[in-house]
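Dear colleague,

I am passing the structure below to you. My notes on its interior and its pockets follow.

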Amino acid sequence: MVDTDRCYGAPFPMPAEPRSSTRLLYLYFSLLALLVNVTSPQWVLDIPTSYMLKDLLHATASEVSWFRLITGIPLYAGFVFGLVRDSWNPFGWRDSGYFRIFVPLTMIALAGGAFSRTTYMGLVLGMLFATISYSFIAAAFQGLLALIGQEALMPGRLSTLSNVFIAAAGVLGYFASGWMSTQLSPRQVFLFVMALTAMLGVFGFWKPRPIFSHAYENPHAKGSSFFGDVKRLIKHRAIYPVILITLLWFFTPGVNTPLQYYFANQLHAPDAVYAHFSAVLYAGFLPTTLLYGFLCTRFPPRKLLWWSMIIGVPEFIPMAFIHDGNQALLAAAVIGLLGGLGNAAVVDIAIRACPPGLQGTLMMIVMSLYPLSSRVGDVFGSWLFGLSPTHGFQYCVLAITITYALVLPLIPLLPKQMIAAKDGEPNPEEDALVLAEIG
């Protein structure tokens, strides 16, 4: 993918890169990130399937919540799919093989939803099958993103790119889900998502030479045996502060169920305000996420992480002072702007912390922490919300602020050499540790 030189006795990428190759890299990962995030069954189908359960099958709120919990199980076990990606090279195709195999399987699962009778158990099994199959696609994407980020000395910029399209997918997803739920039949919903998923099949065969020509020959891509990889992962100290930081950053008690009830009961806002709040929040992430992509080439992640977290600690405080739906949407924009840097910083350090040959495993651990931490936070936030009819939501805001503040003492636990070099800057000390690990 890049020119190579000899560093500590083994080839490592050098930052000199033809501008056309860099543009192609950005184009490839931009399209891939957008499609992977937009086609996630747990994203694009969450609201439509909940309305199918509610309106067609007359399911109770409890049954809908159990449906979401059960069908989300593959997400919580994301590290399994990452470990498979790092250990299994299907037919010698590497990451492209996962798209060739699991895009069609995901489409088969969606076709089952489109052409079978809509039942509770049918939706559960169909969503489980689709989510399991999709998780292999996500593991290939996350592993390849982290590998190229390490090799091309672009962890911050590829983190920015990934987060931009997560936010874009969030905005599109919330609006598209509402449209699908009201305008399309269940069969049309599944066929529409099938068509989107089919577009991912292109990435099973599109392998731009500047990206793939040397991607799996670099020391960062070298693994060992399955049990050897597991042992290396456990002994890799850099992953533990990254996991803790991710857990705390996504632990937001009060953002989901309590916020929904707060809008309805305390503010007497229309139901649409909650969906609009979520869309504005994700849109607010975009400017400061893009700013991170600019700053990461000028400052090392050590400084950026401190700045991002300090700015992010008070981001939800405006929610304690809102009095109507319009103020809530304004607060959502502020929250998004304050949180965009932190989102990019968390993925940046995750890419940097990936052990050689285990990019898929750690990145899927990090990605699985979002739904897991978020849903545990939702349960805790619902308990806080119920403590007081008048101040319960303010308790949630305080809990989020304290949780974010707890990230700050974890930053010094990150290995200094890992967060010492800005994007595009060689890091000989970190390279030497990679070579020592693969032995």
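**Cavity, cores and a pocket**

The structure, a predicted model, holds one cavity of 30 Å³ or more. The space in this largest cavity comes to about 40 Å³. Its lining consists of Pro253, Gly254, Val255, Leu259, Phe277, Phe316, Met319, Phe393, Cys396, Val397 and Ile400. Ten of these residues are nonpolar, one is polar and none is charged. Helix 19 makes the biggest contribution to the lining, with four residues.

Phe277 and Met319, which line the cavity, also appear in the largest nonpolar core. That core has 69 residues, and Phe263, Phe277 and Met319 are those with the most contacts inside it. Two or more residues come from each of helix 9 (155–183), helix 13 (239–250), helix 14 (257–266), helix 15 (272–295), helix 16 (301–312), helix 17, helix 18 (359–385) and helix 19 (392–405). Helix 17 gives the most to this core, with 13 residues.

Apart from this core lies another, of 37 residues; Ala138, Leu145, Val164 and Ala221 are among them.

As for Phe277 itself, residues up to four places away in sequence are not counted here; beyond those, Phe277 touches Leu259, Phe263, Met319, Ala328, Leu329, Ala332 and Ile335. Of these partners, Leu259 and Met319 are also listed in the cavity lining.

Helix 9 also contains Thr160. Is Thr160 buried or exposed? Its relative accessible area is 6%, under the 20% cut-off, so Thr160 is buried. With neighbours within four places in sequence left aside, Thr160 is in contact with Thr289, Leu290, Tyr292, Gly293 and Ala344.

The remaining item is the second largest pocket, which holds about 480 Å³ of space. It is lined by 27 residues, and those closest to its centre are Arg352, Met418, Glu430, Asp431 and Val434. Helix 8 (120–151), helix 17 (325–353) and helix 20 (428–438) are the elements that give two or more residues to the lining. Helix 20 gives the most, with five. By class, the lining of this pocket has twelve nonpolar, seven polar and eight charged residues, whereas the lining of the largest cavity has no charged residues. Helix 17 therefore deserves a look from both sides: it gives residues to the lining of this pocket and 13 residues to the largest nonpolar core.

Regards

Notes:
Residues are numbered from 1 along each chain as its sequence is written. This is a predicted model: local features need pLDDT of at least 70, side-chain atom pairs count only at pLDDT 80 or more; totals for chains, interfaces and linings use all residues. Side-chain values use heavy atoms; hydrogens and water are left out. On a 1 Å grid over the protein atoms alone, a cavity is a set of points where a 1.4 Å probe fits but cannot get out, and a pocket is an open set with protein on both sides within 12 Å along at least five of seven lines; lining residues have an atom within 4 Å of a point. Grid points are joined across faces, edges and corners, and a volume is the space filled by probe spheres set on the points. Ala, Val, Leu, Ile, Met, Phe, Trp, Tyr, Cys and Pro count as nonpolar, Asp, Glu, Lys and Arg as charged, and the others, Gly among them, as polar. A nonpolar core is a set of buried Ala, Val, Leu, Ile, Met, Phe, Trp, Tyr and Cys residues joined through side-chain atoms within 4.5 Å. Buried means under 20% relative accessible area, exposed over 50%, partly exposed in between (1.4 Å probe, protein chains only). Contact means heavy atoms within 4.5 Å.
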